[in-house]
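Trainee: Hi, I've just opened this one and could use a guided tour. Can you walk me through it?

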Amino acid sequence: MTRGPVVHGEMVRLRPIEERDADRLWESLQDPEAMRLTGTTADFTREQVEEWARTVADRPGRYDWAITAGAVRDGQPVSDELIGEIVLNEIDEHARSANLRLVLLPNYRGRGYGREAIYEVLRFAFDGGLELHRVSLDVLSINPRARMLYESLGFREEGRLRDAFRDGDGWADAVVMSILEDEFRAGT
Ligand SMILES: CC(C)(COP(=O)(O)OP(=O)(O)OC[C@H]1O[C@@H](n2cnc3c(N)ncnc32)[C@H](O)[C@@H]1OP(=O)(O)O)[C@@H](O)C(=O)NCCC(=O)NCCS
């Protein structure tokens, strides 16, 4: 697998994660809302995050992009700072399938960046050279914003893993969703 391409949308520009993104990735891991909504419980050290940022772009079977703002001035990006990350992992070249996940830093949520980042990654996955057939994801039942967004992009619910995650003293279901290549093309 090669380093992921740079993907341009109107509002977002996706580029491979680099070592210099470690600060922002670390910041993202300190955000309790994102940890809760993604069901993340692992504790990472600062050193692990730095090592991850330095090496992840060259790991096989996955593409990890930094979401950056797409605005340009004089042909150059106004900012190249990571505002979130979006990942296609578990890429299976035989089944032509992959898993998707994303998270934005808190100040950048609710402004349409997530929608466009997913759309551009799906375009790359289905029609941009990867030639995937299926992209799936898990969304927790406590995350209606993400669920609505995925549905509006054409993902369908396939089933749910009941009470698969802890949420405080209670539990949350993991809802399994996917979109197939024809469904994506029908919606574009
Ligand atoms: C989920 C996430 C990636 C979405 O990205 P985003 O840029 O905030 O989303 P967008 O602004 O593109 O779109 C959000 C959509 O959800 C809708 N929405 C917002 N809050 C909502 C709510 N509580 N219930 C239902 N829909 C909601 C918005 O109206 C918008 O829909 P529209 O485009 O039709 O107007 C981002 O909010 C995030 O990082 N959240 C925390 C981590 C997370 O939940 N990651 C996903 C794990 S599966």
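Trainee: Let's begin with the sheet. In which order do the strands run?

Mentor: Happy to help, and keep in mind that this is a predicted model. The sheet is open and has 8 strands, in the order β1-β2-β3-β6-β7-β8-β10-β9, with mixed pairing.

Trainee: Which are the edge strands?

Mentor: They are β1 (7-8) and β9 (156-167), each of which pairs on one side only.

Trainee: And what packs on the sheet?

Mentor: Helix α5 does, touching β8 (134-140) and β10 (170-180). The direction of α5 makes about 160 degrees with that of β8.

Trainee: Back to the strands. How do β6 and β7 pair?

Mentor: Strand β6 (residues 84-92) pairs with β7 in the antiparallel sense, over 7 bridges. The two strands form a hairpin with 4 residues between them. Look at Arg96 in that turn: its phi is positive, about 55 degrees.

Trainee: I'd like some pairs to click on. Which residues in β7 are the bridge partners of Glu85 and Ile86?

Mentor: Glu85 has Val103 as its bridge partner in β7, and for Ile86 the partner there is Leu102. You can also try Leu88, whose bridge partner in β7 is Leu100.

Trainee: What does β6 do with β3?

Mentor: Strand β3 (residues 63-69) and β6 are antiparallel too, joined over 5 bridges. Leu88 turns up again here, as the bridge partner of Tyr63. So Leu88 is bridged to Tyr63 and to Leu100 in β7.

Trainee: Nice. Do β7 and β8 run parallel or antiparallel?

Mentor: Those two run parallel, with 3 bridges joining them. For a spot to look at, Asn99 stands opposite Ser136 in β8.

Trainee: Changing topic: how do helices α1 and α3 cross?

Mentor: The axes of α1 (residues 22-29) and α3 (residues 46-55) come within 9 Å and cross at roughly 130 degrees. That angle is why the two helices count as oblique to each other. Their crossing is right-handed.

Trainee: Which residues meet there?

Mentor: From α1 you have Ala22, Leu25, Trp26 and Leu29, and they meet Arg46, Val49, Glu50 and Ala53 of α3. By type, the residues of this contact divide into 6 nonpolar and 2 charged, with no polar ones.

Trainee: Last topic, the ligand. Which residues come nearest?

Mentor: There are 21 residues around the ligand, and the nearest of them are Leu37, Arg109, Gly114, Arg115 and Arg145. The elements giving two or more residues to that shell are α2 (32-38), β7 (97-104), α4 (113-127) and α5 (144-152).

Trainee: Which one gives the most?

Mentor: That's α5, with 6 residues. You met α5 earlier, as the helix that packs on the sheet.

Trainee: And how do the shell residues divide by type?

Mentor: The shell has 11 nonpolar, 6 polar and 4 charged residues.

Terms used
Residues numbered from 1 in each chain as written. Predicted model: local features only at pLDDT ≥ 70, side-chain atom pairs only at ≥ 80, totals over all residues. Near = placed C-beta within 6 Å. Nonpolar A, V, L, I, M, F, W, Y, C, P; charged D, E, K, R; others polar. Axes fitted to C-alpha atoms, helices over the stretch in contact; angles between N-to-C directions. Parallel < 35°, antiparallel > 145°, perpendicular 65-115°, else oblique. Left-handed = near helix turned anticlockwise from the far one by under 90°. Contact = placed C-beta atoms within 7 Å. Pairing = 2+ DSSP bridges.
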